[in-house]
Amino acid sequence: MTQTFIGQKHLVQESAQNLDPTNKTILYLLSHNARLKIRDITKASKLSHDTVKARLKQLEDHNIITGYTIVFNRRKIGYEVVDLYFKIKDLSNEFIEQLKSNKHVYWLATSKGGYNLCISTNCKS
């Protein structure tokens, strides 16, 4: 399944085999709280400040970390996430690109099988 997140930058892990335990630890900690300060990461991981700082720069330079984001409860602000599933004959890349640029599409995935297109959108409650 191919997943594309629209409108937010997410942690991207190109290949888990290429990540050493130190990088995996840093990514794990940040995946639970992207607002962690370097000192919090050093405390939780028992790594030095310089090591964490260098590894973060390396992860950013290699586009493993492509940004930092928040996750919020959409229901608390009056929205529901609606998932839509489609079986589209001759699903084209051009159509996928149009969906990616649609401001109402939060997430989309293509797959093989029963449904070949899945879309998530936010709707006002």
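Buried means under 20% relative accessible area, exposed means over 50%, and partly exposed covers the range in between. The exercises below use these classes on a predicted model.

**Exercise 1. Classify Tyr-79 by accessibility and place it in the fold.**

Step 1. The relative accessibility of Tyr-79 is 30%.
Step 2. This value lies between the two cut-offs, so Tyr-79 counts as partly exposed.
Step 3. Tyr-79 belongs to strand S2, which covers residues 79–86.
Step 4. Together with Ile-70, Phe-72 and Ile-77, Tyr-79 makes a nonpolar surface patch of about 370 Å².

**Exercise 2. Describe the overall make-up of the protein chain.**

Step 1. Four helices and four strands are present.
Step 2. Read from the N terminus, their order is β-α-α-α-β-α-β-β.
Step 3. The chain has 125 residues, and 23% of them count as buried.
Step 4. The accessible surface is about 9200 Å², with 51% of it belonging to carbon and sulfur atoms.
Step 5. Among contacts with a separation of 6 or more, 62% join residues 24 or more positions apart.

**Exercise 3. Work out how strand S4 pairs with S2 and with S3.**

Step 1. S4 spans residues 117–124 and pairs with S2 in the antiparallel sense over eight bridges.
Step 2. Within this pairing, Val-81 has Asn-122 of S4 as its bridge partner.
Step 3. S3, residues 105–110, also pairs with S4 in the antiparallel sense, over five bridges.
Step 4. Here Val-105 is bridged to Thr-121 of S4.
Step 5. S3 and S4 form a hairpin with six residues between the strands, and Gly-113 in this hairpin takes a positive phi near 130 degrees.

**Exercise 4. Decide whether Ser-45 is buried or exposed, and list what its side chain and the residue as a whole touch.**

Step 1. Ser-45 has a relative accessible area of 16%. The cut-off for burial is under 20%, so Ser-45 is buried.
Step 2. Ser-45 is located in helix H2, residues 38–45.
Step 3. Its side chain reaches the backbone oxygen of Ile-41 at 2.6 Å.
Step 4. With neighbours within four places in sequence left aside, Ser-45 is in contact with Thr-25, Leu-29 and Val-52.

**Exercise 5. The structure holds four salt bridges; analyse three of them, Asp-20 with Arg-55, Lys-57 with Asp-61, and Lys-100 with Glu-97.**

Step 1. In the salt bridge of Asp-20 and Arg-55, the closest N and O atoms are 2.9 Å apart. Asp-20 lies in the loop between strand S1 (2–5) and helix H1 (21–32), while Arg-55 lies in helix H3 (residues 49–61), so the pair ties together parts that are 35 residues apart in sequence. With a relative accessible area of 29%, Asp-20 is partly exposed.

Step 2. Lys-57 and Asp-61 form a salt bridge with an N to O distance of 3.0 Å. Both are in helix H3, and because they are four residues apart, about one helical turn separates them. Lys-57 is partly exposed at 48% relative accessibility.

Step 3. Lys-100 and Glu-97 form a salt bridge at 3.3 Å, N to O. These residues are three apart in helix H4 (residues 93–100), so the separation is again about one helical turn. Lys-100, at 29%, is partly exposed, and Glu-97, at 47%, is partly exposed as well.

Definitions and conventions. Residues numbered from 1 in each chain as written. Predicted model: local features only at pLDDT ≥ 70, side-chain atom pairs only at ≥ 80, totals over all residues. Heavy atoms only, no water. Patch = residues over 30% accessible without salt bridge, like charges linked within 9 Å, V, L, I, M, F, W, Y side chains within 5 Å. Areas by Shrake-Rupley, 256 points an atom, 1.4 Å probe, with all protein chains shown as cover. Salt bridge = Lys/Arg side-chain N within 4 Å of Asp/Glu carboxyl O. Helix = DSSP H or I, 4+ residues; strand = E, 2+ residues; numbered from the N terminus. Buried < 20%, exposed > 50% of the residue type's maximum accessible area, 1.4 Å probe, protein only. Polar contact = N/O pair within 3.5 Å; in protein donor to acceptor, adjacent residues only side chain to side chain. Contact = heavy atoms within 4.5 Å. Pairing = 2+ DSSP bridges.
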